[in-house]
Amino acid sequence: MESISIVIPAFNEERRLPATLDAILDYLHGTDFTASEVLVVDDGSRDATSHVVQDYAGRHPEVRLLQNPGNRGKGYSVRHAMLEARGDWVLFSDADLSAPIAELDKLLAAARERGAQVAIGSRALDRSLINVHQSFFREYAGRIFNLCMRVVTGLGFWDTQCGFKLFDAQAAREIFRRQRLDGFSFDVEALFLAHKLGFRAIEVPVRWSHAEGTKVSMFADSLRMFSDLFRIRWNHLRGLYR
C-alpha cells in the first residue's frame with residue numbers, strides 16, 4: 001500500500017473541525033495506508049481554529065498544523081499544504097466534509113484503474129448522489145460558471161469546484177509549484193496545469209451534501225472567479241506556468 005496526505009484548508013472552522021478530524025482519523029485507522037498525515041492549514045483565522053488543531057496534534061501525531069501569514073485565500077492554503085505533503089497521494093478536502101472522507105476510496109480506485117495522476121470528485125456526473133442540494137440560485141450559477149470555464153479554458157470537466165480532489169505526489173508538486181491564484185478559482189487553474197503538464201485527470205462521481213456556512217460570497221467571489229478564468233488564459237500566454 002501507499003501513503004496518504006489529507007489537506008484541509010481552514011478559515012474560522014473551530015466549530016466544524018472536531019467532527020471533521022474525528023471522521024478523518026476514524027477512516028484512516030481503518031485503512032491499510034503505510035503512513036498517513038492530516039495537514040490543516042489555518043488561513044489567518046480569527047477564532048480558535050489553530051488551538052483546536054494543536055490539541056488534536058498533541059494527541060494524534062498524524063495531524064499537523066500549517067499557518068498562513070494572514071488570511072491569504074483558499075488557493076494559497078491548498079498550495080501551501082500540497083507543497084508540504086509527504087504522502088504518495090495527496091487529497092484536498094473541504095473542512096465541512098461535504099463529500100464524506102470514505103469517498104476517497106472511489107477516487108483512489110478510479111485513479112489506479114484508469115492510470116490517472118489526478119482524480120476529482122464530481123457532483124455533476126451523477127446528481128442522484130447529492131443528498132442535500134445547494135440553493136437553486138447557487139446550483140444554476142455553478143452550471144453557468146462551468147459552461148464559461150469550458151469555453152475559456154478548453155477543459156472538459158463538468159464540475160471543477162467540488163472540494164474533493166486527489167493528486168499523486170509528483171502531480172501535486174509539479175502543479176502546485178506553478179499554481180498562482182490564491183482564491184476560489186485555484187481548482188480550475190490546477191486542472192488547467194494538469195492538462196498542460198500532461199497529467200491524466202479524471203472526474204469521479206461522489207456522494208455530496210451541501211453544508212451551511214460557506215465562505216464563498218455569491219456576488220463578489222463569483223465575479224472574481226469568472227474574471228480569473230481569463231487570468232488563467234493570460235498567465236498561460238505570458239508563459240507564467242513554465
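**Close-up 1. Strand 5, covered on both faces.** In this predicted model, strand 5 has V118, I120 and S122 on one side and A119 and G121 on the other, and all of these are buried. Put as a tally for the strand, which spans residues 118-122, five of its five residues are buried.

**Close-up 2. The neighbours of strand 5.** Which way do strand 5 and strand 7 run relative to each other, parallel or antiparallel? They run antiparallel, and three bridges join them. Look for I120 here: it stands opposite K165 of strand 7. Strand 8 (residues 201-205) is joined to strand 5 as well, by five bridges, and this pair runs parallel. One spot to find in that pairing is V118, whose bridge partner in strand 8 is A201.

**Close-up 3. K165 and its salt bridge to D187.** The K165 that faces I120 also has a charged partner: its side chain meets that of D187 in a salt bridge, at 2.8 Å from N to O. K165 sits in strand 7 (residues 164-168) and D187 in helix 7 (residues 186-196), so the pair ties together parts that are 22 residues apart in sequence. Are these two residues buried or exposed? D187 is buried, with a relative accessible area of 3%, and K165 is buried too, at 2%.

**Close-up 4. R86 reaching E37.** Here R86 forms a salt bridge with E37, and the closest N and O atoms are 4.0 Å apart. R86 belongs to the loop between helix 3 (74-82) and strand 4 (89-93), while E37 is part of strand 2 (residues 36-42), so this contact ties together parts that are 49 residues apart in sequence. The two ends have quite unlike surroundings: R86 is exposed at 64% relative accessibility, whereas E37 is buried at 6%. The pair doesn't stand alone, either, as salt bridges with shared partners join E37, R64, E84 and R86 into one network.

**Close-up 5. R16 and E13.** What links the side chains of R16 and E13? They meet in a salt bridge, with an N to O distance of 2.9 Å. R16 is partly exposed, at a relative accessible area of 23%, while E13 is buried, at 6%. As a rule, side chains of opposite charge can pair when their charged atoms come close. If you'd like to hunt for others, a search of the whole structure finds 16 salt bridges, with R16–E13, D187–K165 and R86–E37 among them.

Terms used: Residues numbered from 1 in each chain as written. Predicted model: local features only at pLDDT ≥ 70, side-chain atom pairs only at ≥ 80, totals over all residues. Heavy atoms only, no water. Buried < 20%, exposed > 50% of the residue type's maximum accessible area, 1.4 Å probe, protein only. Helix = DSSP H or I, 4+ residues; strand = E, 2+ residues; numbered from the N terminus. Pairing = 2+ DSSP bridges.
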